[in-house]
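Colleague: Could you take me through the cross-links in this model, one part at a time? I would like a close look at the disulfides, and then whatever else helps to place them.

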Amino acid sequence: MWMALSLLLALSAGALSQDKLNMCMDAKHHKVEPGPEGQLYSQCTPWRDNACCTANTTEEAHEDNSYLYNFNWDHCGIMTDKCKQHFIQDTCFYECSPHLGPWIQPVDQSWRKERIIDVPLCKEDCQTWWEDCKDDFTCKTNWHKGWDWSSDMNHCPADAMCRNWTSVFPTPQSMCEQIWSNSYLYTTYTKASGRCMQLWFNGTNPNKKVAEYYLNSAPKHQSVASVMILFLAFASFSVIM
């Protein structure tokens, strides 16, 4: 009996792992399931073969103060183009990537039911992002919360001064980990390692193999679904016995 239950649990865990390799989070603009989107716009085009975003979402991702979140990049003066390019790529990664399953967690927020936490980013991505923004200005370390939204667009709160980027984020690690409330995890892995997620890429999406590595190597916890399957199976066997 227990051998049958173990096999059932293993099969269910394998199915759940495969789902996590190709899924979309339950968030404001995400599709229900990933799929081809041949018309993805500009910086979001790398995901066109398999995406959780629509073409309209990617076009808006390139607009200042777009309808996606009404977020004002220029809250401390005009953001430089080289800095803004990274935030557009970051938005494309968040909206479009179908391989974030290992890091998706439930959240109780009005605009989304799931979010990502501690996605391991490649060292080069964090460093280049920080270098290209170091001459810009901002007033907050965590851009997810604490803004003044009284005009339907984010502005610095009254008690927050605009400061040089490197004063707010002294290192690439502090920026990558703090700016979106630990959505990302700074790593010392390089893109060639296969152990970190790339915010942007050319050609075949390298992030699926990275997600697969973490699903197979990271400590596994039984999901609620697996526990329910085990319980129901046990109950059925008990009745038979």
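Modeller: Happy to! This is a predicted model, and a good place to begin is the disulfide that joins cysteine 53 to cysteine 96, with an S to S distance of 2.1 Å. Its torsion about the S-S bond is 100°, and the link is right-handed. Cysteine 53 sits in the loop between α1 and α2 while cysteine 96 belongs to helix α3, so this disulfide ties together parts that are 43 residues apart in sequence. Both cysteine 53 and cysteine 96 are buried.

A second link runs between these two regions. Cysteine 44 and cysteine 92 are joined by a disulfide with an S to S distance of 1.9 Å. Cysteine 44 lies in the loop between α1 (2-20) and α2 (55-61), and cysteine 92 lies in helix α3 (residues 81-96), so the pair links distant parts of the chain, 48 residues apart. The torsion about this S-S bond is -70°, and the link is left-handed. Cysteine 44 has a relative accessible area of 1%, which means that it is buried. Cysteine 92 also counts as buried, at 1% relative accessibility.

Further along the chain, cysteine 126 and cysteine 176 form a disulfide with their sulfur atoms 2.2 Å apart. The torsion about their S-S bond is about -125°, so this disulfide is left-handed. Cysteine 126 is in helix α4 (residues 123-133) and cysteine 176 is in helix α6 (residues 172-178), so the bond ties together parts that are 50 residues apart in sequence. Cysteine 126 and cysteine 176 are buried. For the overall tally, a search of the whole structure finds 8 disulfides.

Now to the charged pairs. The structure holds 4 salt bridges, and one of them returns us to helix α4. The side chains of aspartate 125 and lysine 191 meet in a salt bridge, 3.2 Å from N to O. Aspartate 125 lies in helix α4 and lysine 191 in the loop between β6 and α7 (207-217), so this pair ties together parts that are 66 residues apart in sequence. What about the burial of its two ends? Aspartate 125 is buried, with a relative accessible area of 11%, whereas lysine 191 counts as partly exposed at 34% relative accessibility.

Helix α3 takes part in a salt bridge as well. Here the side chains of aspartate 74 and lysine 84 meet, at 3.8 Å from N to O. Aspartate 74 is in the loop between α2 and α3, lysine 84 is in helix α3, and the two are 10 residues apart. Lysine 84 has 11% relative accessibility, so it counts as buried. Another salt bridge brings together the side chains of glutamate 37 and lysine 31, at 2.9 Å from N to O. Lysine 31 counts as buried too, at 17% relative accessibility.

The nonpolar packing comes next. The largest nonpolar core has 50 residues, and those with the most contacts inside it are Phe87, Val119, Trp129, Trp143, Trp165, Trp180 and Tyr184. The elements that give two or more residues to this core are α3, β3, α4, α5 (165-168), α6, β6 and α7. Of these, α3 gives the most, with 7 residues. Tryptophan 180 deserves a closer look: leaving aside its neighbours within four places in sequence, tryptophan 180 is in contact with Phe71, Trp73, Phe87, Asp90, Arg115, Trp129, Asn142, Trp143 and His144.

Serine 181 is worth checking for its backbone. It has a positive phi of about 45° although it is not a glycine. Serine 181 is found in the loop between α6 and β6 (184-186), and it is buried, with a relative accessible area of 17%. Aspartate 118 also has a positive phi, near 60°, in a residue other than glycine. Aspartate 118 lies in the loop between β2 (112-116) and β3 (119-121), and it counts as partly exposed, at 34% relative accessibility. For background, most residues other than glycine have a negative phi.

Methods:
Residues are numbered from 1 along each chain as its sequence is written. This is a predicted model: local features need pLDDT of at least 70, side-chain atom pairs count only at pLDDT 80 or more; totals for chains, interfaces and linings use all residues. Side-chain values use heavy atoms; hydrogens and water are left out. A disulfide is a pair of cysteine sulfur atoms within 2.5 Å. Helices (H or I, at least four residues) and strands (E, at least two) are DSSP runs, numbered from the N terminus. Buried means under 20% relative accessible area, exposed over 50%, partly exposed in between (1.4 Å probe, protein chains only). A nonpolar core is a set of buried Ala, Val, Leu, Ile, Met, Phe, Trp, Tyr and Cys residues joined through side-chain atoms within 4.5 Å. Contact means heavy atoms within 4.5 Å.
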